[in-house]
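Student: I should like a close look at one part of this model, beginning with a single pairing and working outward to its surroundings. Please give the reasoning behind each descriptive word where a cut-off decides it.

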Amino acid sequence: MRKYTLIIFVLAGLLCSFTSADSQERYDHVIKNGKIVDGTGNPWYYADIAIKGDRIVKIGMIGDVEAENVIDAEGKIVCPGFIDMHSHAERQMLRDPSVHNMITQGNTTIVGGNCGGSQLDIERFFASVEKKGSALNMGTLIGHNTIRRKVMGNAGREPTAEELEKMKEYVEKGMRDGALGFSTGLKYRPGVYSKTDEVIELAKVAAKYGGFYATHLRDEGLQLFESMDEAIKIGEEAGIPVQMSHHKAAGADMWGQTINSLKKMEKARERGIDVTTDLHPYPATFTTAAILFPAWALEGSSEEIENRLSDPAIRKRVIDGIVNNIIHDRGGNDIRNVTLAVYSSDRSLEGLNLHEILVKKGRGTTMEDAAELLIELLMSDGGASCAYHCLSMNDIVRILQHPLSMYGSDAGNAFIGVGKVHPRHYGHFPRIIANHVRDRGDLTLEYAIKKMTSFPAAKAGIRNRGMISEGKFADIVIFDYDEIQDNATFMDPHNYCDGIDYVIVNGEIVVDHGKITDKLPGKVIFGPGKK
Ligand SMILES: [Zn+2]
C-alpha cells in the first residue's frame, strides 16, 4: 500500500512540474509591483501586468516568469495610455513620426481632424502614416471646412444642391475610408458661412456609418448658448452623438456661465441626445488671429479681402468688429491679453502681447491701434497665431470636474524651438494630474485618468483601448505621482514633462526613463464605416 502511495506521489510530482513548466509563458514585458489605475474610475490596486505582442495578456500576481523585460514599477502609477480627444497633431505626424511632444506627456492615441480641418483624402493620409510609421495611434475625423473649401472655396453663401451633394460624397468617402466621425469649426472660414441645415445634412452621412459629430461651436463667447442649441439640434436631427469641443466661456462677460452651459448638456441628455465635451486646463486659448475678425471681412479670395481692406470705410467697420471682439470675446477686454505666439514673418515679436508690440513699434496703444496691428499680422505671409488669455479658472475647474467632460489638448504641430506655441502642446495631461489632482485636489486621480482613457475611447468608438484589462492593446503609462510635472509655459513652451517614466504603445516602449526611444509602433485607428 505504502509503495503505491509513493509511486502516486512521484507521478503527481512529475505531472506538477511538467504542468508548471508548460504554463510558464514567456512574456515580452512584465510590469511588476505598480499601483494600477485601470481607467474605469475604480480605486487603484496592486498587480503585475504581463504583455505579449501588442496586448495585455495577464493581470495579477505574476511570479518569477521568463520575460524579455521586467519593469519594476514599485511606488509608481500604472495606467492606460492617454487618449487625446481633441488633437490637431495629425499633420505633424507626417513630418515627425515620433510626435515627441505628445508621447512624452503619456499620450498614446490621438483623435485628429478636429474643428472642421482634416485631410481631404483620408485613405491616402492613413496610407502615408502607415508607411512612415508613428509612435502613437491615430484616428481622425473628416472636416467640414476642408470639404467646403474644396467644393466652394471661401464663398460666403449657402451651397447649391449640387455642391451639397458633392460635400456629402466627401463625407461618405471619408467615413468609408475609416474616419471616426465628422467635425465642424463653425467659427472659422468657410464653415462660418454655412447654415445649420447644411451641417445637419452632412452629419447625417456620418451618422449612417456610426460616426460622431465633434464641433468647435459657432461662438464660445456672448453667443455660447445659441451655438450650443445649434449643436444639440444637429445631434438630434442627424441622429448623431455630439462632442462639444474645447468647452469654454470666452470673455469676461461670460465668466461663470459654464454652470448653465453644463446644465444645458445635461438637459439634452435627458432628452436622449448623447452630448459630451472636452477641454484642456489652461486659461488661454490659442488659434489664428482671424478669430478676432468679423467673418464677413475675410470672405472670398486673398485679393478680394485685400480690396475690401483698402476701402477706408469698410476697413473702419472691420476695425470696429475686431475691437468688439477684443472687448467682449477672446481679447478679454485688454489688448495685453492677446499674445502673438507664432509669427514666421518676424520671430522677434513672438511672445509679446499686442500692447508690447505697439510700444516696440512706437505706435499708439488704443484698441483701434491693436486692431490695425492685427490686420497687418494676419495679412502678412504665413499669417499669425495668438494666445488669448480670456478664460476663468473657476470655469475650467468646473468643466474639468463635470461627469460629461473628457480631456483634449487641442494641440497642433510642435517643432522644437519653433514659435511660442501654447504650453498645451507639451504639458496638457501631466498638468491636469500635477496641478488639478495632486496640488489643488480638484478631482481624484482615478476620476481624472478615466477622463483621459476609457471615457474618450468610448466616445470615439475605440473599443479595445483605454483600459488596463486582459485582451486590450498594451497602451500603458507608468509615472511617479509625486514627480509628475508639466514644464511648458506660455513664454517657454518647448519643455517636456517630468515624472513620466515609461510610455508603452501596442506593447513597445516609446518612452523609456523619460527618453524617447524612436520606436514607431503606433497604428491607424479606423472608424466604424471602414470596410
Ligand atoms: Zn477648435
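Tutor: Val242 stands opposite Val275, which belongs to β13. The model is a predicted one. The pairing of these two valines is part of the contact between strand β12, residues 242-244, and strand β13, residues 275-279, which run in the parallel sense and are joined by three bridges. Both strands belong to an open sheet of six strands, ordered β9-β10-β11-β12-β13-β17, with parallel pairing. At its edges are β9 (142-143) and β17 (405-407), each of which pairs on one side only.

Which residue touches both Val242 and Val275? Ile232 does: apart from residues up to four places away in sequence, its contacts are Val242, Ala268, Ile273 and Val275. Ile232 sits in helix α8, residues 224-238. Is Ile232 buried or exposed? Ile232 has 20 other C-beta atoms within 10 Å, and so it is buried, because the word applies when 20 or more lie within that distance. A contrast in position is given by Asn337: 105 residues separate Ile232 from Asn337 in sequence, and their C-alpha atoms are 31 Å apart in space.

Another strand of the six-stranded order, β10, leads on to a second region. The loop between β10 (181-185) and α7 (196-208) contains Pro190. The peptide bond between Arg189 and Pro190 is cis, with omega about -10°.

Beyond that loop, α7 packs against helix α6. Two packed helices are described by the angle between their axes and the distance between the axes. For α6 (residues 161-176) and α7 the angle is about 30° and the axes are 8 Å apart. The two helices are therefore roughly parallel, because angles under 35 degrees fall in that class. Their crossing is right-handed. On the α6 side the contact involves Leu164, Met167, Lys168, Val171, Glu172 and Met175, and on the α7 side Glu198, Glu201, Leu202, Val205 and Ala206. Sorted by class, this contact has seven nonpolar residues, four charged residues and no polar ones.

Helix α6 has a further partner. The axes of helix α5 (residues 144-152) and α6 come within 10 Å, crossing at roughly 140°. This makes α5 oblique to α6, because roughly antiparallel is reserved for angles over 145 degrees. Here too the crossing is right-handed. From α5 the contact takes Ile147, Arg148, Lys150, Val151 and Met152, while α6 supplies Glu163, Lys166, Met167, Tyr170 and Val171. These residues divide into six nonpolar and four charged, with no polar ones. Met167 and Val171 of α6 thus meet α5 and also meet α7.

A separate pairing involves β7 and β8. Four bridges join them, and they run parallel. Ile110 stands opposite Met138, a residue of β8. Strand β8 (residues 137-140) is covered on both faces: Asn137 and Gly139 are buried on one side, and Met138 and Thr140 are buried on the other. After β7 comes the loop between β7 (107-112) and α4 (122-132), where Cys115 is placed. Cys115, a residue other than glycine, has a positive phi near 60°. Cys115 is buried, with 26 other C-beta atoms within 10 Å.

Asn33 likewise has a positive phi, of about 70°, although it is not a glycine. Unlike the loop residue Cys115, Asn33 lies in a strand, β1, residues 26-36. With 14 other C-beta atoms within 10 Å, Asn33 is partly exposed, because its count falls between 12 or fewer for exposed and 20 or more for buried.

Finally, there is a smaller-order sheet to set beside the parallel one. Three strands in the order β14-β16-β15 make an open sheet with antiparallel pairing. Its edge strands, each pairing on one side only, are β14 (285-288) and β15 (338-342). From one strand to the next the twist averages 30°. Strand β16 (residues 385-388) is joined to β14 by four bridges, and the two run antiparallel. Within that pairing, Tyr388 in β16 is the bridge partner of Thr285.

Terms used: Residues are numbered from 1 along each chain as its sequence is written. This is a predicted model: local features need pLDDT of at least 70, side-chain atom pairs count only at pLDDT 80 or more; totals for chains, interfaces and linings use all residues. Axes are lines fitted to C-alpha atoms, for helices over the stretch in contact, and angles run from 0 to 180 degrees between N-to-C directions. Angles under 35 degrees count as roughly parallel, over 145 as roughly antiparallel, 65 to 115 as roughly perpendicular and the rest as oblique. A crossing is left-handed if the near helix is turned anticlockwise from the far one by less than a right angle, and right-handed if clockwise. Two residues are in contact if their C-beta atoms, placed from the backbone, lie within 7 Å. Ala, Val, Leu, Ile, Met, Phe, Trp, Tyr, Cys and Pro count as nonpolar, Asp, Glu, Lys and Arg as charged, and the others, Gly among them, as polar. Two strands pair if DSSP finds at least two bridges between them.
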